[in-house]
Amino acid sequence: MLADQLVVRAAVSAFLGRYRGQTRVHTESDLRVFLRWCAEHGLDPLAAARVDIERYVRWLQDVRRYQPSTVSRRLSVVVGFYRVCVIDAILEHSPADYVRRPRCRPSRRPSDWGTYSSRL
């Protein structure tokens with residue numbers, strides 16, 4: 001059990017080591033949410049299957065009621081974490097592969113609105 005925790009900590013450190021500043025802070029926060037969810041569900045993150053990642057996404061959507069863009073961002077962090085686990089030979093394959101992301105509506109920025117005169 002302790003050895004498994006050490007491997008998870010090493011994997012988290014390797015993943016977060018790729019980020020700096022506020023990006024690291026926010027990425028760590030998103031990953032912490034996933035790891036806490038795993039702990040609450042009695043799931044070893046390194047033994048997760050695709051269905052577990054899909055359950056996490058549904059939890060973000062249905063229980064936490066996050067917007068699709070937030071769910072997509074948090075899923076991206078999980079996907080990146082598992083990608084590093086594969087790169088570092090901690091896992092043979094990523095359980096986050098092929099997990100579908102929620103559809104996000106494109107944002108409308110002022111540059112998309114056109115000029116005032118074009119709307120007259």
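Which residues do ring pairs link into a cluster? Some notes on that, and on helix α3.

1. This is a predicted model, where local features need pLDDT of at least 70, side-chain atom pairs count only at pLDDT 80 or more, and totals for chains, interfaces and linings use all residues. Numbering runs from 1 along each chain as its sequence is written, and side-chain values use heavy atoms, with hydrogens and water left out.

2. The cluster joined by ring pairs is F15, Y19, F34, W37, Y56, W59, F81 and Y82. Rings of Phe, Tyr and Trp (its six-membered ring) pair if their centres lie within 6.5 Å; planes under 30 degrees apart are stacked, over 60 edge-to-face, the rest tilted. That rule gives 8 aromatic pairs.

3. F15 and Y19 are edge-to-face, at 5.4 Å centre to centre and 70° between the planes. F15 is buried at 2% relative accessible area, while Y19 is partly exposed at 26% (buried is under 20%, exposed over 50%, partly exposed in between, with a 1.4 Å probe and protein chains only).

4. F34 and W37 are stacked, because their ring centres are 6.4 Å apart and their planes at 20°. They sit 3 residues apart in helix α2, so about one helical turn separates them. F34 is buried at 0%, and W37 is buried at 1%.

5. On to α3 (residues 50–63; helices are DSSP runs of H or I, at least four residues, numbered from the N terminus). Its buried residues are D52, I53, Y56, V57, W59 and L60. Down the axis of α3 they fall within an arc of 155° (taken from axis-to-C-beta directions), so they line one face of the helix.

Terms used
Helices (H or I, at least four residues) and strands (E, at least two) are DSSP runs, numbered from the N terminus.
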